[in-house]
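Student: Please give me a close look at the interior of this model, meaning any enclosed or open space and the aromatic side chains around it. I would like to know how far the model can be trusted before you begin.

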Amino acid sequence: MMAFLRREVARLVSYVASGLAATAAHYGVMVALVQWAGWWEVAASSAGFLAGAAVKYPLNYWVVFRSSAHHGRALVRFFIGIAAGFALNAAILAVLLATLDTHYLVSQVLTTGLVTLVNYLLARNWIFRARQGKGQEVR
């Protein structure tokens with residue numbers, strides 16, 4: 001049990017570290033679009049989310065989950081998970097922007113925290129999980 005917990009904590013830490021790279025891409029695109037192009041915050045965040053997704057897949061596949069799942073299957077699942085995260089990100093951010101009297105980046109940080117938890121659970125338990133054969137352990 002302790003070995004399992006240590007592996008999960010290490011995986012979660014690795015997930016957060018790779019998520020920082022994806023989040024940097026997300027926020028960089030979002031801030032540029034809001035500040036320099038005058039985009040609405042939710043639209044800019046959505047574009048940034050997609051940029052972050054492009055960073056996220058290879059890091060999660062090879063580094064975090066060390067997946068042996070076939071890319072075709074993992075990519076389809078990744079896109080489904082990204083679609084869910086994309087919708088969740090836009091919805092939560094829109095609600096926070098409408099209800100909180102704060103800067104859009106504060107609302108985005110809160111949104112990112114919630115979406116990260118959902119994305120981790122999807123990635124860990126579905127997207128990058130290899131099929132379990134007889135006598136094989138799923139990482």
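**Inside the model**

Tutor: Over residues 134-139 the pLDDT (the predictor's confidence in each residue, from 0 to 100) stays under 50, and for this stretch the model has nine contacts beyond four places in sequence, a contact being a case of heavy atoms within 4.5 Å. This is a predicted model, so local features are reported at a pLDDT of at least 70 and side-chain atom pairs at 80 or more, while totals for chains, interfaces and linings use all residues. Residues are numbered from 1 along each chain as its sequence is written, and side-chain values use heavy atoms, with hydrogens and water left out.

The protein chain as a whole averages a pLDDT of 88, with 93% of its residues scoring at least 70. It has four helices and zero strands, taken as DSSP runs numbered from the N terminus (H or I over at least four residues for a helix, E over at least two for a strand). From the N terminus on, these elements follow one another as α-α-α-α. Confidence is highest in H2, at a mean of 93, and lowest in H4, at 89. Along the principal axes, the C-alpha atoms fill a box of roughly 55 × 30 × 20 Å. Among contacts with a separation of 6 or more, 68% join residues 24 or more positions apart.

On a 1 Å grid over the protein atoms alone, a cavity is a set of points where a 1.4 Å probe fits but cannot get out, whereas a pocket is an open set with protein on both sides within 12 Å along at least five of seven lines; lining residues have an atom within 4 Å of a point. A search of the whole structure finds one cavity of 30 Å³ or more, and the volume of the largest cavity is about 80 Å³. Its lining consists of Tyr15, Lys56, Asn60, Phe78, Gly81, Ile82, Asn119, Leu122, Ala123, Ile127 and Phe128. Helix H2 (41-64), helix H3 (71-99) and helix H4 (104-127) each supply at least two of the lining residues, and the largest share, four residues, comes from H4. Sorted by class, the lining of this cavity has seven nonpolar, three polar and one charged residues, where Ala, Val, Leu, Ile, Met, Phe, Trp, Tyr, Cys and Pro count as nonpolar, Asp, Glu, Lys and Arg as charged, and the others, Gly among them, as polar.

The largest pocket holds about 320 Å³ of space. Lys56, which belongs to the cavity lining, reappears here, because among the 21 residues that line the pocket, those nearest its centre are Gly19, Thr23, Lys56, Thr112 and Thr116. Helix H1 (2-35), H2, H3 and H4 each give at least two residues to this lining, with H1 giving the most, at eight. Its residues divide into 10 nonpolar, 10 polar and one charged.

Turning to the aromatic side chains, rings of Phe, Tyr and Trp (its six-membered ring) pair if their centres lie within 6.5 Å, and planes under 30 degrees apart count as stacked, over 60 as edge-to-face and the rest as tilted. This rule gives six aromatic pairs. In one of them, the ring centres of tyrosine 15 and tyrosine 120 are 5.0 Å apart and the planes stand at 70 degrees, so the pair is edge-to-face. Since tyrosine 15 lies in helix H1 and tyrosine 120 in helix H4, this pair ties together parts that are 105 residues apart in sequence. Tyrosine 15, at 1% relative accessibility, counts as buried (under 20% relative accessible area, with exposed over 50% and partly exposed in between, for a 1.4 Å probe and protein chains only), and tyrosine 120, at 8%, is likewise buried. Another aromatic pair, tyrosine 57 with tyrosine 61, is stacked, with 5.8 Å from centre to centre and 25 degrees between the planes. These two tyrosines are four residues apart in helix H2, so about one helical turn separates them, and both are buried. Together with Trp62, Phe78 and Phe79, Tyr57 and Tyr61 form one aromatic cluster, and Phe78 also lines the largest cavity.

Leucine 59, also in helix H2, is partly exposed, with a relative accessible area of 26%. Its C-alpha atom lies 8.6 Å from that of glycine 19, although the two residues are 40 apart in sequence. Leaving aside neighbours within four places, leucine 59 is in contact with Ser18, Ala21 and Val64.

How values were computed. Points joined across faces, edges and corners; volume = space filled by probe spheres on them.
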